[in-house]
Amino acid sequence: MTTSLINTKIKPFNATAFHNGDFVEVSEQDLLGKWAVVMFYPADFTFVCPTELGDMADHYAQLQEMGVEVYSVSTDTHFTHKAWHDTSDTIGKINFPMIGDPTGKITRDFGVMIEEDGLALRGTFVINPEGEIKVSEIHDLGIGRSASELVRKIQAAQYVAEHDGEVCPAKWTPGEETLAPSLDLVGKI
């Protein structure tokens, strides 16, 4: 039986990331105080992974404007992340921290480890400034993710966090009407 991570706090971790040409230490404390995306992927030097990370890199400035930091994580080392960053045009445009998780601790804590392969599933987690997971999405290895879909989900999560008593309906985007759940709405939507 699996349990949802939604509304749970992220677990403590310490790791080394490749970020802007340097190796930097990252912990769960770095994720607090702002919105964060933790994006797990199977491995560097693969096929679907660079398309996803490149898509995220293309949306990074928009996410930064929204007050969101992005962290990609695989069970590769930070050295491997640097080598991939230095040799791939797509990965070379990444400006967010690329966390190495060679022990798999972070990957296991988020429930996306494929134990028999030592790799991560495609897991995306949106974490609020208090360190609570608000969005959890896990894909099989062959199904790539879309950063634009993720941006919309973060916009909805931020809106709900800022507007107590309101919820965002399907396909909601900023500026559209939200709902205020009440007895009056039951059976009328």
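Student: What makes six residues in the lining of the largest cavity count as charged?

Tutor: In this predicted model, the lining includes Glu52, Asp55, Arg145 and Lys153. Asp, Glu, Lys and Arg are the types that count as charged, so these residues belong to that class. By class, the lining has six charged, four nonpolar and two polar residues.

Student: Which helix gives the largest share of that lining?

Tutor: Helix 5 does, with four residues. Helix 1 (48–65) and helix 5 each supply at least two.

Student: Why is that space called a cavity?

Tutor: Because a 1.4 Å probe fits there but cannot get out. The largest cavity holds about 80 Å³ of space, and the structure has one cavity of 30 Å³ or more.

Student: And how much space lies in the largest pocket?

Tutor: About 160 Å³. Trp35, Pro129 and Lys134 are among the residues that line the pocket. Helix 5 (residues 147–162) brings the largest share here, three residues.

Student: On to the rings. Why is the pair of phenylalanine 18 and phenylalanine 23 called edge-to-face?

Tutor: Their planes are 65 degrees apart, and over 60 counts as edge-to-face, so the name fits. The centres are 6.1 Å apart, and pairing needs them within 6.5 Å. A search of the whole structure finds nine aromatic pairs. Phe18 and Phe23 also form one aromatic cluster with Phe79.

Student: How do you know whether phenylalanine 18 is buried or exposed?

Tutor: Its relative accessible area is 3%, and buried means under 20%, so phenylalanine 18 is buried. Phenylalanine 23 has 39%, which lies between 20% and 50%, so phenylalanine 23 is partly exposed.

Definitions and conventions
Residues numbered from 1 in each chain as written. Predicted model: local features only at pLDDT ≥ 70, side-chain atom pairs only at ≥ 80, totals over all residues. Heavy atoms only, no water. Phe/Tyr/Trp six-rings, centres within 6.5 Å; stacked < 30°, edge-to-face > 60°. Buried < 20%, exposed > 50% of the residue type's maximum accessible area, 1.4 Å probe, protein only. 1 Å grid on protein atoms, 1.4 Å probe; cavity = no way out; pocket = protein on both sides within 12 Å on 5 of 7 lines; lining within 4 Å. Points joined across faces, edges and corners; volume = space filled by probe spheres on them.
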